[in-house]
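Biologist: Please put the structure up, and then I will ask about it piece by piece.

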Amino acid sequence: MIRRSVVLSAIVPQSATDSRVLSDALSILEKTRTDTIELYTPFDMAKEMGKVIEDSSIDCDVYPIAGVQKTQGYSLCDLDEKKRQEALTLVKRAIESARILGAGKVLITTGRYPGKEEERKALDLFIDSALILSKEAENMEIVLETGDRTVDARQLLGPTDLSLEITQEIRRSCPNFFLTLDTSHLAQLGEEVELSLEKGIKFSDHVHFASCILKEGHPLYGDKHPHFSDVDNALTGDRLERIFRTVSSWGEEKDILCGHEVIDRTGERLGSLERAIAEAPWFF
């Protein structure tokens with residue numbers, strides 16, 4: 001079965017910290033085919049936001065702590081053990097916030113790629129971190145969002161084949177560990193998006209539909225998730241629609257959460273949610 005989600009704290013940034021904005025955004029989404037949202041909110045606001053979500057017909061399935069990791073440098077593969085422990089503490093707190101929100105998935109990322117010479121050590125450290133967090137997240141899922149290696153976020157994982165290898169190793173002990181596959185990140189890796197999705201779906205129940213701009217010098221170059229109708233997109237709206245149709249066909253055999261991800265840059269109270277809905281009728 002396919003479920004549709006929106007990374008709400010990206011398209012409506014104020015929904016992360018203003019319960020009234022969250023309520024209004026949910027009211028808009030209730031008129032679409034959206035089933036659930038992905039929402040980052042500060043830990044101390046999780047209870048307040050959880051009450052708003054309870055009053056809505058839309059759930060919150062994913063708590064994406066990965067954004068905080070990337071912007072603030074919390075690395076689960078850090079070669080500095082003190083810094084790795086700080087990242088573990090952050091994600092453990094995220095697990096508790098997700099429980100309060102009623103989210104079943106905590107979305108993480110690995111941390112920065114340290115280079116080829118330190119790659120194996122970093123991978124081993126991440127595996128250790130992932131095992132700790134997966135055991136902490138009892139009755140929940142830890143979902144690892146892979147990222148680019150050379151464009152912008154520059155994450156350890158990373159290339160799809162390697163990500164699958166590491167995921168398989170972790171899942172031997174912790175079957176609640178999965179991959180989140182992001183179409184934009186796959187494009188940034190230089191991979192064939194459809195092929196990587198087909199390979200990766202074995203260990204994934206969560207796919208982000210997002211685009212990127214790979215034209216160097218462009219103000220939105222890299223991991224900026226522009227609107228699907230923006231010019232210079234590496235993945236046009238038409239292509240994302242075709243990919244969505246393909247992924248939807250896989251939903252006949254397994255549950256897949258399909259997330260729409262665009263980053264708002266208007267600064268408006270409700271972000272650019274209405275525009276996002278209008279330009280992707282195949283999703284909403």
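Biologist: Is Lys 116 buried or exposed?

Modeller: This is a predicted model, and what follows is computed from it. A residue counts as exposed over 50% relative accessible area. Lys 116 has a relative accessible area of 65%, so Lys 116 is exposed.

Biologist: Which residue does the side chain of Lys 116 meet in a salt bridge, and is that partner buried or exposed?

Modeller: The salt bridge of Lys 116 spans 3.5 Å, N to O, and its other side chain is that of Glu 119. The cut-off for buried is under 20%. Glu 119 has a relative accessibility of 9%. The partner is therefore Glu 119, and it is buried.

Biologist: How many salt bridges are there in the whole structure?

Modeller: The pair of Glu 119 and Lys 116 is a salt bridge, and so is the pair of Arg 99 and Glu 96. A search of the whole structure gives a total of 20.

Biologist: How many residues apart in sequence are the parts that Asp 61 and Arg 3 tie together?

Modeller: The side chains of Asp 61 and Arg 3 form a salt bridge at 2.5 Å, N to O. Asp 61 belongs to strand β3 (residues 59-64) and Arg 3 to strand β1 (residues 2-7), so the parts tied together are apart in sequence by 58 residues.

Biologist: What separates Arg 99 and Glu 96 within their helix?

Modeller: Their side chains meet in a salt bridge of 3.5 Å, N to O. Both residues are in helix α5 (residues 81-101), three residues apart, so the separation is about one helical turn.

Biologist: How many residues of strand β8 are buried?

Modeller: Strand β8 covers residues 256-260. Ile 256, Cys 258 and His 260 point one way, Leu 257 and Gly 259 point the other way, and all are buried. The number of buried residues is five of five.

Biologist: Which residue of β8 stands opposite Arg 4, and which one opposite Val 207?

Modeller: β1 pairs with β8 in the parallel sense over five bridges, and strand β7 (residues 204-209) runs parallel to β8, joined to it by four bridges. Arg 4 stands opposite Cys 258. Opposite Val 207 there is also Cys 258.

Biologist: Which helix makes a right-handed β-α-β unit with β7 and β8?

Modeller: The two strands of the unit are β7 and β8, which run parallel. The helix of the right-handed unit covers residues 237-250 and is α10.

How values were computed:
Residues numbered from 1 in each chain as written. Predicted model: local features only at pLDDT ≥ 70, side-chain atom pairs only at ≥ 80, totals over all residues. Heavy atoms only, no water. Salt bridge = Lys/Arg side-chain N within 4 Å of Asp/Glu carboxyl O. Buried < 20%, exposed > 50% of the residue type's maximum accessible area, 1.4 Å probe, protein only. Pairing = 2+ DSSP bridges. Right-handed = clockwise from strand over helix to strand, strands pointing away.
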